[in-house]
Amino acid sequence: MTDRIAEYIAELFAPEDDVLRALREEADRSGLPPISVPPETGRLLQMLLRAIGARRVLEVGTLGGYSAIWMARAMGAEGRILSLEINPEHAAFARRHIARAGLAHAIEVREGAALQLLAGLVGERFDAVFLDADKAPLPTYFEWALRLLRPGGLMIADNTLRSGRVPDPAFDDPELRGIRTFNRKLATDPRVTGIVLPIGDGVAVGVVG
Ligand SMILES: C[S@@+](CC[C@H](N)C(=O)[O-])C[C@H]1O[C@@H](n2cnc3c(N)ncnc32)[C@H](O)[C@@H]1O
């Protein structure tokens, strides 16, 4: 997708309000890495969660809370998000901005390494799982998502094209290998029907069952 097309989609469908803009600006000033989802991906998340009437979402990778705020806004008063974050500074920043957005009751940021925290969630059920943390373990996150999602639930993952490097065999590293294996599983595993959408940095979406 050209920059102009991405800009057109973002401007038309995903204008940021003051809360989201302030979060992004303060994240830059505070030295958080500029790796939140772009606004158009935030909008896509909202549309997907609305489509399935999501009430309970698991996010892996909170950063400053930007994507969690986009998602929570689409989920109504009953909506709840559990977001996992390994970096305590990111978690503290996110909690501050989630409170400022008036969503402290809806979004819980849980600190720790995702693979450890996921093991503590066995027996819980989510309507959607958004994978947006480290990429090398994506194939393992895929299995966790299947274990925690209800039938008809959505597995979503960001950065599944990685600036176009994923389809290009000239590039190789553990993160790209994780993404490629994840995408292949999403394409071929009979437990899920999925696709990668060329929105933002590539958003993978799969429906379970
Ligand atoms: C791409 S950012 C998340 C962006 C966020 N979803 C958004 O769009 O606003 C990835 C985050 O995952 C966190 N992270 C990386 N590895 C992790 C792990 N193993 N467990 C939990 N969080 C992790 C990083 O500290 C970082 O804050």
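Two residues count as in contact here if their C-beta atoms, placed from the backbone, lie within 7 Å. Keep that in mind for one of the figures below. The model is a predicted one.

Overall picture to begin with. The protein chain has eight helices and seven strands. Its C-alpha trace spans about 45 × 40 × 30 Å along the principal axes. For 209 residues, a compact globule would have a radius of gyration near 17 Å, and the 16 Å of the protein chain agrees with that. Of the 209 residues, 45% are buried. Now the contacts: taking those between residues at least 6 apart in sequence, 72% join residues at least 24 apart.

Next, strand β5, residues 149-157. Which strand pairs with β5 in the parallel sense? That is β4, residues 126-131, with five bridges between the two. Between β4 and β5 the chain passes through helix α7, residues 138-148, and this β-α-β crossover is right-handed. Within the β4 pairing, F130 stands opposite I156 of β5.

β5 also pairs with β7, residues 203-208, this time in the antiparallel sense and over four bridges. There, L154 has V207 in β7 as its bridge partner.

Last, A170. This residue sits in the loop between β5 and α8, the helix at 174-188. Is A170 buried or exposed? The cut-off for exposed is 12 or fewer other C-beta atoms within 10 Å. A170 has 5 such neighbours, so it counts as exposed. As for distance, A170 and L138 are separated by 32 residues in sequence and by 21 Å in space, C-alpha to C-alpha.

Terms used
Residues are numbered from 1 along each chain as its sequence is written. This is a predicted model: local features need pLDDT of at least 70, side-chain atom pairs count only at pLDDT 80 or more; totals for chains, interfaces and linings use all residues. The radius of gyration is taken over C-alpha atoms; the globule rule is 2.2 Å times the number of residues to the power 0.38. A residue is buried if 20 or more other C-beta atoms lie within 10 Å of its own, exposed if 12 or fewer, and partly exposed in between; C-beta atoms are placed from the backbone. Two strands pair if DSSP finds at least two bridges between them. A crossover is right-handed if, with the strands pointing away from the viewer, the path from the first strand over the helix to the second runs clockwise.
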